[in-house]
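Here is a short tour of one small piece of structural biology. Have the sequence and the 3D view open while you read.

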Amino acid sequence: MWVLEYLRLLNVEQKQPSLPFLKKLMKRHRLVFPFENVSKLLIDQYEKKPNHYS
């Protein structure tokens with residue numbers, strides 16, 4: 001699941017949704033990917049799965 005991979009890249013453990021958790025995710029995202037978008041992390045994954053869009 002891409003969410004778990006994303007959390008791993010941010011070095012954040014999965015938790016229940018909350019405003020403090022969202023703030024933590026946003027902060028970690030800015031530190032880890034200052035000029036990137038999450039979708040770019042998945043490009044290779046989708047390119048390796050030709051049936052993903054079918």
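What follows goes from the whole chain to its core, then to one pair of helices and a few single residues.

**The whole chain**

Keep in mind that this is a predicted model. What is the chain built from? It has four helices and zero strands, so if you walk along from the N terminus, the elements read α-α-α-α. The chain has 54 residues, and buried ones make up 19% of them. Its accessible surface comes to about 4,900 Å², and carbon and sulfur atoms account for 58% of that.

You can also ask how far along the sequence the contacts reach. Take the contacts between residues at least 6 apart in sequence: 23% of these join residues at least 24 apart.

**The core**

Now for the inside. Which residues make up the largest nonpolar core? There are seven of them: Tyr6, Leu7, Leu10, Val12, Phe21, Leu25 and Phe33. Two elements give two or more residues to this core, namely helix 1 (2-10) and helix 2 (19-32). Helix 1 is the one that gives the most, with three residues.

Phe21 is a nice core member to click on. Leaving out residues up to four places away in sequence, Phe21 touches Leu7, Val12, Glu13, Lys15 and Gln16. Two of those partners, Leu7 and Val12, belong to the core as well.

**How helix 1 meets helix 2**

Two packed helices are described by the angle between their axes and the distance between the axes. For helix 1 and helix 2, the axes come within 9 Å and cross at roughly 70°. Angles from 65 to 115 degrees count as roughly perpendicular, and therefore that is the word for helix 1 and helix 2. The crossing of helix 1 past helix 2 is left-handed. Which residues make the contact? Helix 1 brings Tyr6, Leu7, Leu9 and Leu10, while helix 2 brings Phe21, Leu25, Arg28, His29 and Val32.

**Three residues to look up**

Here are three residues side by side, with their places and relative accessible areas.

| Residue | Place | Relative accessible area |
|---|---|---|
| Asn11 | loop between helix 1 and helix 2 | 64% |
| Arg28 | helix 2 | 25% |
| Arg30 | helix 2 | 52% |

Start with Asn11, in the loop between helix 1 and helix 2. Its phi is positive, about 60°, although Asn11 is not a glycine. Is Asn11 buried or exposed? The cut-off for exposed is over 50%, so Asn11 at 64% counts as exposed.

Arg30 sits in helix 2. With 52%, Arg30 is exposed too. Arg30 and Leu10 are 20 residues apart in sequence, yet their C-alpha atoms are 9.6 Å apart in space.

Arg28 is also in helix 2, but at 25% it is partly exposed. What does Arg28 touch, if you set aside its neighbours within four places in sequence? Arg28 is in contact with Leu10, Asn11 and Val12. For Arg28 and Val12, the gap is 16 residues in sequence and 8.1 Å in space, C-alpha to C-alpha. Arg28 also turns up among the helix 2 residues in the contact with helix 1.

Definitions and conventions: Residues numbered from 1 in each chain as written. Predicted model: local features only at pLDDT ≥ 70, side-chain atom pairs only at ≥ 80, totals over all residues. Heavy atoms only, no water. Buried < 20%, exposed > 50% of the residue type's maximum accessible area, 1.4 Å probe, protein only. Contact = heavy atoms within 4.5 Å. Areas by Shrake-Rupley, 256 points an atom, 1.4 Å probe, with all protein chains shown as cover. Core = buried A, V, L, I, M, F, W, Y, C linked by side-chain atoms within 4.5 Å. Axes fitted to C-alpha atoms, helices over the stretch in contact; angles between N-to-C directions. Parallel < 35°, antiparallel > 145°, perpendicular 65-115°, else oblique. Left-handed = near helix turned anticlockwise from the far one by under 90°.
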